[in-house]
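Please find below a short note on the structure, set out as numbered points. Each point may be read beside the sequence and the coordinates.

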Amino acid sequence: MKSCQALEKSVDLTPACRLWSSGIVLAAGLLKEASDQRRGGKFDEQDVLANVLGVVTGNLLQWNF
């Protein structure tokens, strides 16, 4: 399986790659919370917020380094 960078023939992460990877991470977090709720647990908004903050932090660090 090729990475987003390889598909775009780029050394750096392009904005499209950032968007896709951020979306995948956020979707995984939402699916996990939905799964917890379906199994009788709680949909934890704080976990979702932590996921969002993690994605934002990761993107900021990637752009700056």
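**Note on the predicted model**

1. The secondary structure of the protein chain consists of three helices and zero strands. Along the sequence, these follow the pattern α-α-α. The structure is a predicted model, and the points below should be read accordingly.

2. On confidence, the mean pLDDT of the protein chain is 86, and 83% of its residues reach 70 or more. Confidence is not uniform: helix α1 (residues 4-7) has the lowest value, with a mean of 65, whereas α2 has the highest, at 92.

3. On burial, the protein chain has 65 residues, of which 17% are buried. Two of the residues discussed below, arginine 18 and glutamate 33, count as buried.

4. How do helices α2 and α3 pack, and at what angle? Helix α2 spans residues 15-38 and helix α3 spans residues 45-64; their axes lie 9 Å apart and the angle between the two helices is about 165°. Angles over 145 degrees count as roughly antiparallel, and α2 and α3 are therefore roughly antiparallel to each other. The crossing of α2 past α3 is right-handed.

5. The residues that make this contact can be listed by helix. From α2 they are Arg18, Ser22, Val25, Leu26, Gly29, Leu30 and Glu33, while α3 contributes Asp47, Val48, Asn51, Val52, Val55, Asn59, Gln62 and Trp63. By class, the contact of α2 with α3 comprises seven nonpolar, five polar and three charged residues.

6. Arginine 18 deserves a separate comment. Arginine 18 is located in helix α2 and is among the residues of α2 that contact α3. Is this arginine buried or exposed? Residues under 20% relative accessible area are classed as buried; arginine 18 has a relative accessibility of 8% and so counts as buried. Setting aside neighbours within four places in sequence, arginine 18 is in contact with Leu13, Asn59, Gln62 and Trp63. Of these partners, Asn59, Gln62 and Trp63 are listed for α3 in the contact between the helices.

7. Glutamate 33 may be treated likewise. Glutamate 33 also belongs to helix α2, and its relative accessibility is 3%, so glutamate 33 counts as buried. Which residues does glutamate 33 touch, not counting those up to four places away in sequence? They are Lys42, Phe43, Asp44, Asp47 and Val48. Among them, Asp47 and Val48 are listed for α3 in the contact with α2.

Key: Residues numbered from 1 in each chain as written. Predicted model: local features only at pLDDT ≥ 70, side-chain atom pairs only at ≥ 80, totals over all residues. Heavy atoms only, no water. Axes fitted to C-alpha atoms, helices over the stretch in contact; angles between N-to-C directions. Helix = DSSP H or I, 4+ residues; strand = E, 2+ residues; numbered from the N terminus. Parallel < 35°, antiparallel > 145°, perpendicular 65-115°, else oblique. Left-handed = near helix turned anticlockwise from the far one by under 90°. Contact = heavy atoms within 4.5 Å. Nonpolar A, V, L, I, M, F, W, Y, C, P; charged D, E, K, R; others polar. pLDDT = per-residue confidence, 0-100. Buried < 20%, exposed > 50% of the residue type's maximum accessible area, 1.4 Å probe, protein only.
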